[in-house]
Amino acid sequence: MDKEYDYVILGTGLKECILSGVLSVGGKKVLHMDRNDFYGGESTSMHPLEKLYEKFNETKEPDDSFGNGRDWNIDLVPKFLMADGALVKLLVHTGVTRYMQFKQIEGSFVYRGGSIYKVPADEKEALTSSLMGIFEKRRFRAFLLFVLKYSCDDPTTWEDINPKTSTMKDVYTKFGLDKNTQDFTGHAIALYLDDEYMTQPCEKPLRRIKLYYDSLSRYGKCPYLYPLYGLGELPQGFARLSAVYGGIYMLNKPTDEILMENGAVCGVKSEGEIAKTKAVIADPSYFPERVKKIGQVVRCICILSHPIPNTSDSKSCQLIIPQNQVNRKSDIYVCCMSHTNAVTVKGRYLAIVSTTVETDDPEAELGPGLQLLGKIDKKFVWVSEQFEPQDDGKESNIFISKSYDATTHFETVCEDIMSMYERITGEKFDLSAISLAEVDVEES
């Protein structure tokens, strides 16, 4: 270990492993350490099922009705990948796709007015959706056709909507979309966490809506993908990739001291050895003095014996409950997987409900989501702290990731990874030229 590295990375969370793989592929010398004896950090997967019971201090082991514990792979921070999104492009760019296989999620749903509706998959489905009245359907179809042909680089497609000066509220007004339609468009399609986006320039929201439908058109039915055997495969895939390119991984390796010189990092000390480096990348747990708490997330893992009701018997799906539908400031997210994703035994389902904590009773805040699940056989609830770095890391060369939020998709994760990559290297990561033809997807 007594060598010099371009980067020392602390923690094997997904963000850290992705950066490790990307930097290794780019020819950088990387040392990756984790105080734990497993991959994934906060975003690890529990395998076998008994490990989940152990984590939550259950006194009894799962009974025989849960089948073989080794057939279970339970993500603590479950998230789906957008089929045309940044993470899939990163997987292709780094070659991690050759280590993994993905399966298409069967459905994307939104909650409105006490009922569950499928998010319209295209302009034809928009016309038949019971989510909107007949006149609103036509307006939404016109809006959708506008978005799909809109290009921020081609003024002939703008129709008086300037991507730099027009707000998303202006766009909604132009097409006469009502508040309910704005709600599911912003939260279940553009995947915004709140309504602040409506008063900002429309360029980014329009790109996000287009990304949803570009992802949808890639495989049909649903824009989301999920790796077989759960997200635990992702950090391990990037670890294998990094090793191929000369990266060194050390699990169960404590970090004793961060060595500084003139206000900047110069090395990491562990068990009497020193790894010299000019930059350190880490998850928030390694630098509590350099991060600030920004909130909490409450999650509940539920084991079911049936699909989520009113989702067309989908064996896997995402369901978003927009904040305005339940008088909250934050959306509630529900994702469901089953044996078709190789995360449960046949006949069982995993439904994970999550949201940002707003009160002194976090579990009660999950109520609107839990009520949609039907009978729950077993559930595990926990609250995790959310942190973000106090600065951009450029002065100290200590670059810290943000904690994972309540969303059940990877778009906010990718935004943090891209931001960190730019701060670390001084260059933007160009994903535009990456072809997605290499992704191995087993369709539903």
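**Exercise 1. Charges over rings**

Task: In this predicted model, determine over which ring the charged end of Lys 55 sits, and where the charged end of Lys 15 sits.

Solution: Begin with Lys 55, whose charged end sits over the ring of Phe 56, 6.0 Å from the ring centre. Then turn to Lys 15, whose charged end sits over the ring of Tyr 404 at 5.1 Å from its centre.

**Exercise 2. The surroundings of Ile 417**

Task: Establish whether Ile 417 is buried or exposed, and which residues it touches beyond those up to four places away in sequence.

Solution: First place the residue: Ile 417 belongs to helix 12, which spans residues 411-425. Its relative accessible area is 2%, and because buried means under 20%, Ile 417 counts as buried. Next look at the contacts, where Ile 417 touches Lys 15, Ile 18, Leu 19 and Leu 90, with residues up to four places away in sequence left out of the count. Finally consider Leu 14, which is 403 residues from Ile 417 in sequence, while the C-alpha atoms of the two are 9.8 Å apart in space.

**Exercise 3. The ring of Tyr 224**

Task: Classify the aromatic pairs that Tyr 224 forms with Phe 80 and with Tyr 212.

Solution: A pair of aromatic rings is described by the distance of the centres and the angle of the planes. The structure holds 17 aromatic pairs. Among them is the pair of Phe 80 and Tyr 224, with 6.0 Å from centre to centre and 45 degrees between the planes, and this pair is tilted. It links distant parts of the chain, since Phe 80 lies in the loop between strand 5 (74-75) and strand 6, whereas Tyr 224 lies in strand 10, 144 residues apart. Both Phe 80 and Tyr 224 are buried. For Tyr 212 and Tyr 224 the centres are 6.3 Å apart and the planes stand at 85 degrees; because an angle over 60 degrees counts as edge-to-face, this pair is edge-to-face. Here Tyr 212 lies in helix 8 (residues 203-219) and Tyr 224 in strand 10, 12 residues apart.

The strand that holds Tyr 224 can then be placed in its sheet. Four strands form an open sheet of mixed pairing in the order 6-10-7-22, with strand 6 (81-82) and strand 22 (441-442) as the edge strands. Strand 10 (residues 224-227) runs antiparallel to strand 7 (residues 102-104), to which three bridges join it, and Lys 103 stands opposite Tyr 226.

**Exercise 4. Salt bridges within and between elements**

Task: Compare where the partners lie in the salt bridges of Glu 136 with Arg 139 and of Glu 415 with Arg 208, and state how accessible each partner is.

Solution: In the first bridge, the closest N and O atoms of Glu 136 and Arg 139 are 2.9 Å apart. Both residues lie in helix 5 (residues 134-149), three residues apart, which is about one turn of the helix. Glu 136 counts as buried at 4% relative accessibility, whereas Arg 139 counts as partly exposed at 33%.

In the second bridge, the closest N and O atoms of Glu 415 and Arg 208 are 3.5 Å apart. This pair links distant parts of the chain, with Glu 415 in helix 12 and Arg 208 in helix 8, 207 residues apart. Glu 415 is partly exposed, with a relative accessible area of 35%, while Arg 208, with 14%, is buried.

Technical notes. Residues are numbered from 1 along each chain as its sequence is written. This is a predicted model: local features need pLDDT of at least 70, side-chain atom pairs count only at pLDDT 80 or more; totals for chains, interfaces and linings use all residues. Side-chain values use heavy atoms; hydrogens and water are left out. Two strands pair if DSSP finds at least two bridges between them. Helices (H or I, at least four residues) and strands (E, at least two) are DSSP runs, numbered from the N terminus. Rings of Phe, Tyr and Trp (its six-membered ring) pair if their centres lie within 6.5 Å; planes under 30 degrees apart count as stacked, over 60 as edge-to-face and the rest as tilted. Buried means under 20% relative accessible area, exposed over 50%, partly exposed in between (1.4 Å probe, protein chains only). A charge sits over a ring if NZ of Lys or CZ of Arg is within 6 Å of the ring centre and within 35 degrees of the ring normal. Contact means heavy atoms within 4.5 Å. A salt bridge is a side-chain nitrogen of Lys or Arg within 4 Å of a carboxyl oxygen of Asp or Glu.
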